[in-house]
Every structure is written in C-alpha cells, then in structure tokens.
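User: Hi! Could you take a close look at one part of this model for me, a helix together with the sheet it belongs with? I would like the cut-offs spelled out as you go.

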2 protein chains.
Amino acid sequence: MKKSPSMGILGGGQLARMMLLEAHRMGLNCFVMSSNADDPAAQVTQQWVEGSIDELSQVLEFAKSVDLLTFESEFIKPEILAELSERNICCRPTAKHMRIIQDRLSQKQLLEKYSIPTSPFFKVDQFQNLEKVKESIELPLVLKARLGGYDGKGTFILRDWDSSSITQCKDFLNNCTHGAIAENFIPFTRELAVSVARNENGDIAFFPLVESFQEECRCLWVKGPANHSDIEALKAKLKLLLEKEEYIGFISFELFESDSGLHVNEIAPRVHNSAHYSQNGLSLDQFSCHLMAISGIKLNHPIALSSGFAMYNLIGSGNEEPDLKCEKDVFLHWYGKKENRKGRKMGHLNAVAQSPELALEKLIEARKEIKL
Amino acid sequence: MKKSPSMGILGGGQLARMMLLEAHRMGLNCFVMSSNADDPAAQVTQQWVEGSIDELSQVLEFAKSVDLLTFESEFIKPEILAELSERNICCRPTAKHMRIIQDRLSQKQLLEKYSIPTSPFFKVDQFQNLEKVKESIELPLVLKARLGGYDGKGTFILRDWDSSSITQCKDFLNNCTHGAIAENFIPFTRELAVSVARNENGDIAFFPLVESFQEECRCLWVKGPANHSDIEALKAKLKLLLEKEEYIGFISFELFESDSGLHVNEIAPRVHNSAHYSQNGLSLDQFSCHLMAISGIKLNHPIALSSGFAMYNLIGSGNEEPDLKCEKDVFLHWYGKKENRKGRKMGHLNAVAQSPELALEKLIEARKEIKL
C-alpha cells in the first residue's frame, strides 16, 4: 500500500510526541530523530531514529531517509540550517524561515518589514553599544540573546545603571555568543497569543486569540477565546506576512496588550504551548494542523467546540512522586518524561466550559488534585 | 519516577492501537502483545511484545510482565481464559466475564438473568435439535455459532425447510465446533447501540444511545444521539447487571428496535465500533474510558460536544490505491493496516454537526473524496 510522503521530525520532546500521536490517527508516515530511546516522542512510535539534532552528519543522514523535514523547535544550529538550505533539502517551514525567526534580530526586522507593531529595538553586541546611547535609553530595557532563548532564559532586564546592574548586564552579554538585541519594556496589561497555519496551496487557518499567563517566565495557563479590538487588523498583517514570505507550517505569535494596543512580543515557527488548548477546545488541533499544512492537506478554519476553553501546564516540582489521579472532568496530556525536575513541563490539562473563566477554574481545581 | 500500574493488551488491531494512543496521552503504562511488528497497535508504541494470543504459554509470559491484562476482543480461546482464571491473573474485564460473554449461549442466559429483553433462543448442537421442534419454529430462524462470530461471520439464517436450506444449515452447524444457538428473527425497524463503562469503585459512565447502520453485516455508519422511550428502563437493567456481576471495563450492547420495543442483540465486552464517534463527539472517548475504568480512575459521564455526531467506517475495496485526501471538516482515524483488502475496516471518519443527520451527511460527502 502506498504511503503518504514521509515526514521527519527533528527533536523528540513533547511537541514531537503530540505531533506523532496525531500522525498515527491520520495515517501519516512520520519519523522522528532524537538522542534517547526514552524521549517523549520516541516512546510513541516504532519510527524513531537515534541521532543528535546538533550533529550535521546525523541530520543529513536522517533527511535522506524522508521526503521532508520539520522541526520541533527553532533551536537548530544556524550552520545546520544553512547547510539544509544550501543542499535544497525540503524543510517545512523552510530552513530560511527557521533561520530568520530563530534569530531575534532578523525576527524583529521581519515584523518591521510588514509594519507589525512590536517594541522598538536595536542590536547590542557588547556593553559599549548600550553605554553610547545611555542618555536616550528609557529603563527598564529588555535584553535578549539573539539565539536560543526561551521561558525567560536568554533574557535580562536592565533596570538601573548602578554598578551591580552593569556587571550583571556585561555578564549576560558575554554569554550571548551570537549577540543580543535590546528592546523597550512594554508595560503590558495582558499577554495574548494567536496562531495560524498555512499550506503550500495558500490555505490559511487562524486559531482564536487567547490569553496566556506566565509565572516565573514560564507559561502557566491559557484561556480563550479572548477579544481585542486590534486583532482583525493584526491578523490581516500576519496573513500578508505568511503569504508574501510563502511560509508553510504552523506559527505562533506571542502578544502584549498595552494601552497603545497589541504588540508582537515573539514568534515561534512551530506548534506552541499557547495552542495546546486546541487539542480539546477546537475542531482542529495544532499538531494535526501543522502536519496537514506541511503535507499539503486542505486546511479548514478550526471551530470552537465550546464557548470557553483553557489549558494549564503541569510543571514539575522535583520533589514529589507524581500522582496523576484526578476526579475532575478535564483532559490530561502527559509527556512521559522520565524525571520530575523542578520547573520542567511534565504535561498539561485541557478543559472546555461555558466560558474561558469557568474552563480555567475547572483546571485550577483539577490541578490541586494532582500531585506533582 | 513511579509508573502507573502496567497494563497489557492482548491483541494488536485497531482497537488496541486507539487504546494505546489514549494511553500515551494520559501517561498510562501500556504494553501490547500481537503477532506482527507491523500490526496497527505495534506501530504506535515501543512497548510492543511479539506473541500469539492463541498460545497459552505466550499469554502467560506476557501476563507475568504486567500488573493487569485487558483484551482487544472476546476472541480468546476458552481454555486460555480458563487458565487465566485458574491462576488468578488479574484481568479486566475478568476472564470469567470474558468467558460468559464470548459464548452466545451464556451471553443470552446472562441477559435472561437480568430480565433484559432479547430474542427468544435455544441451544442447537446438531440439526436434529431443530428437526425435533420443527413444528413449533417460526421461520426465519437465526443460527449463531456459540464462539467466534462477528460481522455476520458465524451466523446463518434459516428461511425455509427445503432441502437446499437444510444442507446449508447442516454444513453451518458442522462448522460450529462449539455448538450454536438459534434465535427468533427480530423484524427490526432500526439498529441501535449503547455503551457503558464501570470501574472497581462502582463509577458508571453511560454513553449516549446511537443508531447504527449495517451493510453486508458490517457496520457502515453510526449517528447520534438517538432517542427511544425504552432506553432509560433498559439502562437501569444494564446498570444492575454490571453492578451485580461486578463487571469492570467498557462494554457495548447492540440493540434492535422493533414494534415491541428495544431488544439486546449482542454484547461486546470491550470497546466497540459503535462508540468510535466518542473520539470527537464526546468529552470522553471510549478508549480512554476503558483504560480509566480498568485502572480505577474516576469516571465522569461523557458530555456531548455538539448536538449531533456521526461515524463512518472506511471499508477497503481491495482494488484501489488508497488516497486519504479529503477537504471536508471531518476527523480521519486511520488504522495503518498494510493491505487494503476488500471488506476490511481500514479506518473511520468522525464528524460533529448541529444534528445527527447533518453530521452523517458531512461524512457521506467526505467519504466520496477518499479513494479506498
């Protein structure tokens, strides 16, 4: 029997795991490459391949065995992306798009190119770059490593020009091996997110606007649908970006809401924590949507299955034997990680209800029952 | 990290596959035993064990490696079930329940015991049993092999006493190595089904009544929710049966609707084709529900996510290269079977809509797009 084009996922964490579960459902032919046989994604398939996504030769070897490559995250070495591009290896999103978005500088420039509101920024390679413009800078200033930052890692907030802050800032910049950017701190009233997918035929599927809440720089919960008077205008701009750039795949935009409207904070060129709710809240979940987008399947706009939905991350405490028993009417999604480490995303809960608030309430109650 | 009690599924077809996908989601520790490494269930786990469910020694070996056994189907050799019972191996449903329900004679007696309406029946070991009561029998008469029948296999309808019918009937009975039962043919107006699960704490979760449609003795579609004035009375009796018998797990009842009300046609002590719709139509799908029931997790009543839902089986034609592309807003569930054989269940489609009829219509349209 003919198989569908084979897809290879680089990386074996929870995002790849949930992608594979949907691939199984839809009968798509997916392989996954990761370092350990007990990685979350490796557990759920017989098509796991051992290999490091940081080793060019292993990535190329894996690429040869599949029709197209996709990525669990944007943390792929730039030189590997360059090589994939150079060799015309079919990647979705393309290696070029991954390269642009993984680098906070070119990511910002991409937003500027399409007049998408985002905090003003400038390039910072060394502390001197800041000192020179000290007089014109308004504090706090957010410094972000150009490559590799996530969940608050790779970010430093400069709040003062005292010597201790300067030392910390210098240390931070020294650790940014690929440089950093500085941007104005946005005094946000809410954090929001919107996701969208596009396939090669130009079908576009927007996911609803949602509100997200971060604790210790890590997403704790998401609820939706959310509203904002600027969202339709923003979506039109995002659509234009995807079309002009011919982006293929799922993509998420983290947003800040402030008195001056919606601003894009960060882009993730992949499935994203802020859209996990879609597994139970929508007629189309982000994981199958990404796979459909990259394999050219028609995309329909997802429909909300309920007037409210929410997601709550299960973050490891590192000191409890997990007990997942929960009597509430919620959906548990567990990642199968071997070790309950403090601060680690171990799984998440989804719920639907008559309103976003009621869905979130259900999850907060359910979370209390789970020992983690 | 402590794992949940390990469960072992005997059998590696699509039902085991869909169970495993839910086990992954919920972080339950499931193993599966089947004959081939490319069986539908084997493809979606690294916890596949090679073995034949017809070989006692292999079943016992597998049982030793897990905390409890469960079954993909009731087609387990009676002597193997007897041995599992004898050795007090933890099975859910119990080997005793599997034994009672797999045999159409004791299954019928179980229904009688709880005064659950079902077609009158009697035991038939050889043709003489029929001849003796010929005068009092009303034709057509449905003969069913006591063991191993499904999708019309193991069933013979005696419509006449002519010599050709008698020869066919004798041939049929000769092939029924464990004997047969005869039951009156019920002139049904609709076929319906209802499923329910019970855990060891006594939680009971009823799934909605649905209508099913068979073509060539094989389920073609299911739509729901359906209504019938007798359903609440019937559910009360089924509940009593589960409670008194201390049944644990998911169980489905195929029903006939006739002028005289609802009759139970057959019982399946497992997840069932008639409840596949639950994967997208309800807040709780049958596969996770079964796993929750057998591992003692609290069961909540499933809530319909829409006012209508439907399921349509994808039956192989044996002569087409499958092409699963479909532009409709439906959910594809594919079983990963290696060969597109005529009459084989290759996958199914689910849809939700404002009414059962609209959901079914969506599926009929979607089915036209799929080449199989």
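Analyst: Happy to; below is a walk from the sheet to the helix, with a short visit to another chain at the end. This is a predicted model, in which local features need pLDDT of at least 70, side-chain atom pairs count only at pLDDT 80 or more, and totals for chains, interfaces and linings use all residues. Residues are numbered from 1 along each chain as its sequence is written, chains are lettered from A and ligands numbered from 1 in the order in which they are written, and side-chain values use heavy atoms, with hydrogens and water left out.

Let's begin with the sheet. In chain A, 4 strands form an open sheet in the order 5-8-6-7, with antiparallel pairing. Its edges are strand 5 (121-124) and strand 7 (155-158) of chain A, each of which pairs on one side only. On average, neighbouring strands of this sheet are turned by 25° against each other, direction ignored. Helices (H or I, at least four residues) and strands (E, at least two) are DSSP runs, numbered from the N terminus, and two strands pair if DSSP finds at least two bridges between them. Axes are lines fitted to C-alpha atoms, for helices over the stretch in contact, and angles run from 0 to 180 degrees between N-to-C directions.

Within the sheet, strand 6 (residues 141-145) and strand 8 (residues 180-184) of chain A pair in the antiparallel sense over 5 bridges. One of the partnerships here joins A:Leu143 to A:Ala182 in strand 8 of chain A. Helix 5 (residues 104-113) of chain A packs on the sheet, touching strand 5, strand 6 and strand 8 of chain A (contact means heavy atoms within 4.5 Å). The direction of helix 5 makes about 155° with that of strand 5 of chain A.

Now for the helix you asked about. Helix 7 (residues 163-175) of chain A also packs on the sheet, touching strand 5, strand 6, strand 7 and strand 8 of chain A, and its direction makes about 155° with that of strand 7 of chain A. With 13 residues, helix 7 of chain A reaches 18 Å from its first C-alpha to its last, close to the 18 Å expected at 1.5 Å a residue (1.5 Å times one less than the number of residues).

Its buried residues are A:Ser165, A:Ile166, A:Cys169, A:Phe172 and A:Leu173, where buried means under 20% relative accessible area, exposed over 50%, and partly exposed in between (1.4 Å probe, protein chains only). Seen down the axis of helix 7 of chain A, these buried residues fall within an arc of 125°, so they line one face of the helix; the arc is that of the directions from the helix axis to the C-beta atoms. They pack against strand 5, helix 6 (127-132), strand 6, strand 7 and strand 8 of chain A. The face turned away from that buried side carries the exposed residues A:Ser163, A:Asn174 and A:Asn175.

Finally, chain B. Strand 9 (residues 190-198) of chain B is largely enclosed by the rest of the structure, because 8 of its 9 residues are buried. Strand 9 of chain B pairs in the antiparallel sense with strand 13 (residues 249-258) of chain B over 9 bridges, and B:Val194 stands opposite B:Phe253 in strand 13 of chain B.
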